[in-house]
Amino acid sequence: MSSLDTPPTEGRPERLTAHEARQRLEHERNARLTQLRAIEEAGRDVADQVMAVQKEAVRRVLAEIEAAFARVGDGSYGACLGCSRPVPAERLEILPYTRFCVACQRHSA
Ligand SMILES: [Zn+2]
């Protein structure tokens, strides 16, 4: 993790490659699909409404992941939709489908 040793420098942002971004998104998507299946299986014992809310939340993340895949495809991935500056690679490693840098996320939340 050499990226943590060096302070972020303006103008020379660390970015994930398209390949890395796709791998992380793929991983994230598989995790959500597994989660969705688990909810569906547990659903037999859980109230329909609880299950619907949980599924909706997972589906929303899946939609974000799909949108992020599209951004990798058109080359806009990794740029903040709020300020159009690059989202730090460390953040994309944790939240590969995020559209915003930390500052803009805080504004929009
Ligand atoms: Zn931003």
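**Close-up 1. Leucine 92, a buried residue in helix α3.** In this predicted model, leucine 92 counts as buried because 22 C-beta neighbours sit inside 10 Å, and the cut-off for that label is 20 or more. Leucine 92 lies in helix α3, which spans residues 89-94. Leaving out residues up to four places away in sequence, leucine 92 touches Leu16, Gly78, Val87 and Thr98. For a long-range pairing, look at arginine 15: it is 77 residues from leucine 92 along the chain, yet the two C-alpha atoms are separated by 8.6 Å.

**Close-up 2. The largest nonpolar core.** Leucine 92 also belongs to the largest nonpolar core, which has 11 residues. Its companions there are Leu16, Ala21, Leu25, Ile65, Ala68, Val72, Tyr77, Val87, Tyr97 and Cys101. Two of the residues that leucine 92 touches, Leu16 and Val87, are on that core list. Which elements give two or more residues to this core? They are α1 (18-42) and α2 (48-74). The largest share, 3 residues, comes from α2.

**Close-up 3. Leucine 25, a core residue on helix α1.** Leucine 25 is found in helix α1 and is one of the residues of the largest nonpolar core. Is leucine 25 buried or exposed? With 22 other C-beta atoms within 10 Å, leucine 25 is buried. Not counting residues up to four places away in sequence, leucine 25 touches Ile65, Ala68, Phe69, Pro96 and Tyr97. Of these, Ile65, Ala68 and Tyr97 are listed in the core as well. Leucine 95 makes a handy landmark here: it is 70 residues from leucine 25 along the chain, and their C-alpha atoms are separated by 9.0 Å.

**Close-up 4. Helix α1 against helix α2.** A pair of packed helices is described by the angle between the axes and the distance between them. Here the axes of α1 and α2 come within 10 Å and cross at roughly 165°. That angle is why α1 is roughly antiparallel to α2, the cut-off being over 145 degrees. The crossing of α1 past α2 is left-handed. On the α1 side, the contact is made by Ala18, Ala21, Arg22, Leu25, Glu28, Arg29, Arg32, Gln35, Leu36 and Ile39. On the α2 side, pick out Met51, Gln54, Lys55, Val58, Val61, Leu62, Ile65, Ala68, Phe69 and Val72. Sorted by class, the contact has 13 nonpolar, 2 polar and 5 charged residues.

**Close-up 5. Histidine 19, an exposed residue on helix α1.** Histidine 19 is found in helix α1, the helix that also holds leucine 25. Histidine 19 is exposed, because it has 9 other C-beta atoms within 10 Å and the label applies at 12 or fewer. What separates histidine 19 from valine 72 in sequence and in space? The two are 53 residues apart in sequence and 8.9 Å apart in space, C-alpha to C-alpha. Valine 72 is one of the α2 residues in the contact with α1 and is part of the largest nonpolar core.

**Close-up 6. Glutamate 56, an exposed residue on helix α2.** Glutamate 56 has its place in helix α2. With 9 C-beta neighbours inside 10 Å, glutamate 56 counts as exposed. Leucine 36 is 20 residues from glutamate 56 in sequence and 9.5 Å away in space, going from C-alpha to C-alpha. Leucine 36 is among the α1 residues that make the contact with α2.

**Close-up 7. Serine 84 and its positive phi.** Follow the chain into the loop between α2 and α3, and you get to serine 84. Serine 84 is not a glycine, but its phi is positive, at about 55°. Serine 84 counts as exposed, with 10 C-beta neighbours inside 10 Å.

**Close-up 8. Stepping back to the protein chain.** The protein chain has 4 helices and 0 strands, in the pattern α-α-α-α along the sequence. Of its 109 residues, 13% are buried, leucine 92 and leucine 25 among them. Looking at contacts with a separation of 6 or more, 57% are between residues 24 or more positions apart.

Terms used:
Residues are numbered from 1 along each chain as its sequence is written. This is a predicted model: local features need pLDDT of at least 70, side-chain atom pairs count only at pLDDT 80 or more; totals for chains, interfaces and linings use all residues. A nonpolar core is a set of buried Ala, Val, Leu, Ile, Met, Phe, Trp, Tyr and Cys residues joined through C-beta atoms within 7 Å. Two residues are in contact if their C-beta atoms, placed from the backbone, lie within 7 Å. Axes are lines fitted to C-alpha atoms, for helices over the stretch in contact, and angles run from 0 to 180 degrees between N-to-C directions. Angles under 35 degrees count as roughly parallel, over 145 as roughly antiparallel, 65 to 115 as roughly perpendicular and the rest as oblique. A crossing is left-handed if the near helix is turned anticlockwise from the far one by less than a right angle, and right-handed if clockwise. Ala, Val, Leu, Ile, Met, Phe, Trp, Tyr, Cys and Pro count as nonpolar, Asp, Glu, Lys and Arg as charged, and the others, Gly among them, as polar.
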